[in-house]
Amino acid sequence: MPTVQFQLNGATVAVDADPDQTLLDVLRGPLGITGAHFGCGAGQCGACCVMVDGRAMTSCDMPMWSVADRDVVTLEGLGTAEQPHPLQRAFISEQAMQCGYCVPGILISAAALLNDNPSPTEAEVRAALDRNLCRCGSHNRMVRAVLRAASEMATS
Ligand code: FES
Ligand code: FES
C-alpha cells in the first residue's frame, strides 16, 4: 500500500493506505482520530466534515489519494477540554446540542466560516451550516452559538 503524507492538526503524518480508501476510514481506523463521525457515508449529512486547506469538506467521500500534502484539521485540532475553541464554549453556553452526533461536523463548518468571514450575518451562518444535518433539530441554537462565538472572537 502506498504511503500518504499530509498535515493533521498541525503535525505531519504518514499512513499506509489504499488510495481509494476514504479519509474518514483512515482517520477513525489507523489514526484513531474519532472526532469526525460516520453518518450517511455519501457526502450528504456533514457528520464527517473536516477542514482541508481551510475549507469544510466531507471526509466520507474523500479518497486518500486526494489528501496527499494537504492540511487537514479535525475536531481534535480545534480546541481541547482545557482550552476549548470559542465555538465550543459558545455551543455549551447556548446548549446548542442534544445527542451531539452532528456537532463535530457543524463545529468544523462553523470554524471554516469564521476563518473566512469573522463577522458573518445570520443568513451567512445558516448558509454555511446548510450542508450539515441535525436530526435533533438544534439548528437554531447552533446558529445563535456561532454568532455568539463570532462576537466573542471579535472582542478578544
Ligand atoms: S457521513 Fe459524510 S456526509 Fe454523511
Ligand atoms: S444534536 Fe443530535 S443530530 Fe444534531
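How many disulfides does the count come to? I looked this up early, keeping in mind that the model is predicted. The count comes to 0 disulfides. I also checked two cysteines for exposure. C45 is buried, at a relative accessible area of 13%, because buried means under 20%. C99 is partly exposed, with 45% relative accessibility.

**The sheet**

Next I traced the strands. I found 5 of them in an open sheet, ordered β2-β1-β5-β3-β4, with mixed pairing. At the edges sit β2 (11–16) and β4 (55–58), each pairing on one side only. From one strand to the next, the twist averages 40 degrees.

**Strand β3 and its partners**

I then spent some time on β3. To β4 it is joined by 4 bridges, and the two run antiparallel. Here I noted V50, whose bridge partner in β4 is M57. The two strands make a hairpin with 2 residues between them, and D53 in the turn has a positive phi of about 50 degrees.

With β5, β3 also runs antiparallel, joined by 2 bridges. In this pairing V52 stands opposite V72 of β5.

Which residues of β3 are buried on one side and on the other? I found C49 and M51 on one side, V50 and V52 on the other, all buried, so both faces are covered. This fits a rule I am learning: side chains in a regular strand alternate between the two faces of the sheet.

**Other neighbours**

β5 (residues 71–73) also pairs with β1 (residues 3–8), in the parallel sense, over 2 bridges. For Q7, I found D71 as the bridge partner in β5.

Last, I looked at helix α4 (residues 103–116), which packs on the sheet and touches β3 (49–52), β4 and β5. Its direction makes about 30 degrees with that of β3.

Terms used. Residues are numbered from 1 along each chain as its sequence is written. Chains are lettered from A and ligands numbered from 1 in the order in which they are written. This is a predicted model: local features need pLDDT of at least 70, side-chain atom pairs count only at pLDDT 80 or more; totals for chains, interfaces and linings use all residues. Side-chain values use heavy atoms; hydrogens and water are left out. Two strands pair if DSSP finds at least two bridges between them. Axes are lines fitted to C-alpha atoms, for helices over the stretch in contact, and angles run from 0 to 180 degrees between N-to-C directions. Contact means heavy atoms within 4.5 Å. A disulfide is a pair of cysteine sulfur atoms within 2.5 Å. Buried means under 20% relative accessible area, exposed over 50%, partly exposed in between (1.4 Å probe, protein chains only).
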